[in-house]
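Trainee: Could we go through this structure together, one question at a time?

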Amino acid sequence: MNEEIQRELDILQEAVNNEQTFEKKVAKAKKLWNSKGGAKGEKAFENVREVLYGLCVYEGLCNYCEQNEANDIEHIYPKSFFPTKAFLWENYLLACKQCNSGYKLDECYVLDNNDDIFEVKRGEEPKYSVVAFINPRVENPSDFMILNLKTFKFEIIPDLNQKDSNKVKATLEILELNQRDTLIVARKSAGKHYYEMMDRLVRILKAANQEELQQVLTPYDEYFNFSQPLDDIKSEIKASYKKYIGSYQHPSVWQSIKKIDSKISPKWKTIFEKIPEALDW
C-alpha cells in the first residue's frame, strides 16, 4: 500500500479514534465508511480494492465461499464492534456480497481469557479483543480446517488447541459454509472437474504424436502452437493446465485432493505418480 493511500486511511481512522465514546466511534466509522471522507477517500479505496483483488484466495474469488466474484471490501473485525479498526489496511479483504451482507453482516464472536467463545450483541462494546474468526490475511485456513471429500464439508483439523478450534467453529457458524447446499454441490462438481482435467492432462502427456494429442484436447482448450516439437507442445499445455487449476473455484477442494486423496485414492495416486509436480500446484 503506497504512502498516499495509507495517509488517507490514517486520516479517516484518526477521525474515528478522536470520538470520546464507543457509540460515537461506531457512528463515525459507519458515516465515514459510507462517504469514504469525500473524493480523495473514494479514490484511495479504488486503489485498496485493486490491491485486495490480487490477495484473494485465487484472484478475484471470494475469500470465504471460494465461489462467487469478490466485490465487497470486507472488515474482518466488524466496524460495528471494532470501530478503531474500521480504516486499518490489515483489516480488509474482498468477499462476495452474499457472504459479506447475507451471512457475516455484523455477527461477532470473541474469545475470552479462557479461549471460550463469547457472543457480542449488536450495540455492545466487546469485552475481549480477539475475534473468534479465521483471518485469511494472516492465517491460512487450511491450517485450521480440511475439506472432507466424502461430505464436501469442512472439518476441524485434529489436535488443534481450544483457541484455534473455537475460531474454526465460529467461522463455520457465521458463514454457514457447511450449511449452504449450493456450496456443497459446487465443491463436489469442482472435485469432479479437477479429476477430469488432471486425467486428461495425463493422456495428453502420454500422446505419442500430435494427432493423438489433438484427439484428447477439448474444443474449448486454448490454441497451442502445433508447429513446435511435441515435447514443447506438451510443456505448454501442462503450463496452461497448471495456471487454470490455480485460478479455479473452490481451491479448498484441490488442497484436500493433494493432502488426502493423493495418498488414499488409487485413481488420484496414479495421476500424481504420472505428474508428481502437480502436488505443488
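Trainee: What do the side chains of Lys-97 and Asp-72 meet in?

Mentor: Keep in mind that this is a predicted model. The closest N to O distance given for Lys-97 and Asp-72 is 3.2 Å, and a separation within 4 Å is what counts here. The two side chains therefore meet in a salt bridge.

Trainee: How many residues apart in sequence are the parts that this pair ties together?

Mentor: Look at where each partner sits. Lys-97 belongs to helix H4 (residues 97-104), while Asp-72 belongs to strand S1 (residues 72-75). The salt bridge therefore ties together parts whose separation in sequence is 25 residues.

Trainee: Is Asp-72 buried or exposed?

Mentor: Nice one to reason out! Its partner Lys-97 has 52% relative accessibility and counts as exposed. Asp-72 has a relative accessible area of 11%, and the cut-off for burial is under 20%. So Asp-72 is buried.

Trainee: Which residue forms a salt bridge with Lys-238?

Mentor: Start from helix H8 (residues 230-245), where Lys-238 lies. The partner is in the segment after helix H10 (266-274), so the pair ties together parts 39 residues apart in sequence. With the closest N and O atoms 2.6 Å apart, the partner of Lys-238 is Glu-277.

Trainee: At roughly what angle do the axes of helix H1 and helix H2 cross?

Mentor: Helix H1 covers residues 3-17 and helix H2 residues 22-35, and their axes come within 8 Å. H1 is roughly antiparallel to H2, because angles over 145 degrees count that way. The crossing angle is roughly 150 degrees.

Technical notes
Residues numbered from 1 in each chain as written. Predicted model: local features only at pLDDT ≥ 70, side-chain atom pairs only at ≥ 80, totals over all residues. Heavy atoms only, no water. Axes fitted to C-alpha atoms, helices over the stretch in contact; angles between N-to-C directions. Helix = DSSP H or I, 4+ residues; strand = E, 2+ residues; numbered from the N terminus. Parallel < 35°, antiparallel > 145°, perpendicular 65-115°, else oblique. Buried < 20%, exposed > 50% of the residue type's maximum accessible area, 1.4 Å probe, protein only.
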